[in-house]
Amino acid sequence: MKLKFLGAAGEVTGSCLLVEADGVRFLVDCGMFQGGRDAGPKNRRAYAREIGPIDFVLLTHAHIDHCGLLPRFAWPRHGAGLPAIYCTKPTADLVPVMLADSAFVQSRGAKRSARRRERPVETPLYGVDDVKRLATRLNAVPFGVEFRPHPKVAVRLHSAGHIVGAAFAEVRLTDGGRRRTLVASGDLGEDSALLVRDRSKPPAADVLVVESTYGDRNHRSLEDTEAELVEVLHDVLQQRRGNVIVPAFALGRTQEFVVLLYRLAKAGRIHVPLVFVDSPLAQQAADVTFAHLDALDEEAAEFHRAARERKLPFTLRYTESVDDSMFLNSIRSGALIIAASGMCDAGRVRHHLRHNLPRRECAVLFTGFQAARSLGRRIVDGARNVPMFGDSVPVNASVHTLGGLSAHAGQDSLMEWLRAVPRKPRAVFVNHGEPLAAHTLSARVARELKWSPTIAEAETDYEV
Ligand SMILES: [Zn+2]
């Protein structure tokens, strides 16, 4: 079996694994690179690249860094043989929404680039028509049920506990006449996740690929995180009388954070007058998420019922138009504003940061991973000023990181999942992590499980 990591090696974005066995070639994920200046050129290179005929694609979940380059298969150069893409039902519902948003963001970026007469002018990788064509190739399969994307290959998708619909893949194939099982983790969540149902235990694998986003650290417990959130909200909203800005991924994190607010407000632990979700994409993501109650945790389902019956313990508003979003800038106190992007590199959150970062009475609350070189990382790392909209914006607001809310498993939790693998795999690869995280996890796996993991390097041919 041959493996090649076309992305998410030495970094946390661009997930795309090319697998080849007995003449069958397939991808696990086909994601975009995100964060930092070099993401654009890397995406253009990856998108234009010829990777040869692909029999099918397995998609673990709908985050853009896992599905964002799928429209490459919508291009005519791939002819009639467009590969089928297999994923769970919630993922199949989310992918067109996420890709259409990505196409929109790219076309806006291209217009801006043309206005500024940049050379070369940025061009979108794909448009909404490509997304529509691509969407016809999505095949939804249920969790845990075996299907055959190719006569020689049997696959099962298991719950990864990451976002709604997220799965890890168990792939059974023949390789040189021998039966082999490949397990690719995709993104794994914590078992205590509030939004989605718990992740499944891993099956036996000959070849195992595991993510390592938080391979070098653990999250704080949910109880500690809740206590911290209660304190920050009380301090900012009731004492300092400012606003709280929460940069969050539109898909997953935003819905999970709102469920957490519901849980705390219901218990009388917080008093939040106004909660705004300022992201049309987050609203669409919420619509799809709560249409799949069977894939959700009980508490999330309860929140959804309360919201539908207008019995939430706070006022929750989704802002659609740009005017509504701009109106939020005039609110001086009492508002909690959740907006994308999660790493502050794009999206409406940048406007809210511009208005609230210079104010001492306000706070910025980070809830997710901040990649190296992203604006979010600079704020978390204590920058006194940050560049935004051609200005230098002073950071006077307090900055907080809620450690226990990640959609990704921490180190102990990754180890717990790995420990449940029934027997020692023949080969283990650690991917989807910055170098320190991947090395730290790999060292612990070697020490405690006596496996010999390989840290995935991009563009390297592995024969296993
Ligand atoms: Zn993800």
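**Exercise 1. Domains**

Into which domains is the protein divided?

Solution. The protein is split into domain 1 (2-217 + 407-463) and domain 2 (222-401); the bounds come from an automatic or database domain assignment. The model is predicted, so local features need pLDDT of at least 70 and side-chain atom pairs count only at pLDDT 80 or more, while totals for chains, interfaces and linings use all residues. Residues are numbered from 1 along each chain as its sequence is written, and side-chain values use heavy atoms, with hydrogens and water left out. Next, take the centres over C-alpha atoms: those of domain 1 and domain 2 are 28 Å apart. Then list the contact, where contact means heavy atoms within 4.5 Å. Domain 1 gives 26 residues to it and domain 2 gives 29 residues.

**Exercise 2. The zinc site**

State which protein atoms are donors of the zinc ion, and classify their arrangement.

Solution. Step one is to collect the donors, which are N, O and S atoms within 2.8 Å of the metal (3.2 Å for Na, K and Ca); water is not among the atoms, so sites may look incomplete. The protein donors are His-61 (NE2), His-63 (ND1), His-162 (NE2) and Asp-187 (OD), at 2.2 to 2.3 Å from the zinc ion. In sequence, the spacing of the donor residues is H-x1-H-x98-H-x24-D.

Step two is to place His-162 and Asp-187. His-162 sits in the loop between strand 8 (153-159) and strand 9 (167-175), and Asp-187 in the loop between strand 10 (178-184) and strand 11 (207-211); this pair, 25 residues apart, links distant parts of the chain. Helices (H or I, at least four residues) and strands (E, at least two) are DSSP runs, numbered from the N terminus.

Step three is the angles. The four donor atoms subtend 92 to 167° around the zinc ion, so the arrangement is irregular. By the rule used, four donors count as tetrahedral if all angles lie between 85 and 135 degrees; four count as square planar and six as octahedral if opposite donors are over 155 degrees apart and all others between 65 and 115; anything else is irregular.

Step four is accessibility: buried means under 20% relative accessible area, exposed over 50%, and partly exposed in between (1.4 Å probe, protein chains only). His-162 has a relative accessible area of 5% and is therefore buried; Asp-187, at 1%, is buried too.

**Exercise 3. The open sheet and helix 6**

Give the strand order of the six-stranded open sheet, then describe how helix 6 packs on the sheet.

Solution. The order is 14-13-15-12-16-19, with parallel pairing. Strand 14 (315-318) and strand 19 (398-401) each have a single partner strand, so each is an edge with one side left without a neighbour in the sheet. On average, neighbouring strands are turned by 20° against each other, direction ignored. Two strands pair if DSSP finds at least two bridges between them. Strand 12 (residues 244-247) and strand 15 (residues 335-339) run parallel and share four bridges, with Ile-245 opposite Ile-337.

Helix 6 (residues 253-266) touches strand 12, strand 13 (274-277), strand 14, strand 15 and strand 16 (363-366), and its direction makes about 155° with that of strand 15. Axes are lines fitted to C-alpha atoms, for helices over the stretch in contact, and angles run from 0 to 180 degrees between N-to-C directions.

Gln-255 lies in helix 6 and counts as buried because its relative accessibility is 3%. Leaving out residues up to four places away in sequence, Gln-255 touches seven residues, among them Leu-195, Ala-250 and Phe-290.

**Exercise 4. Backbone exceptions**

Locate the cis peptide bond and the positive phi values of Asp-22 and Cys-344.

Solution. Start from the background: most residues other than glycine have a negative phi, and most peptide bonds are trans. The cis bond joins Ala-340 and Ser-341, with omega about 5°. Ser-341 is in the loop between strand 15 and helix 10 (349-356).

Cys-344 lies in the loop between strand 15 and helix 10, has a phi near 65°, and is buried at 0% relative accessible area. Asp-22, in the loop between strand 2 (16-21) and strand 3 (24-28), has a phi of about 50°. Asp-22 is partly exposed, at 31% relative accessibility.
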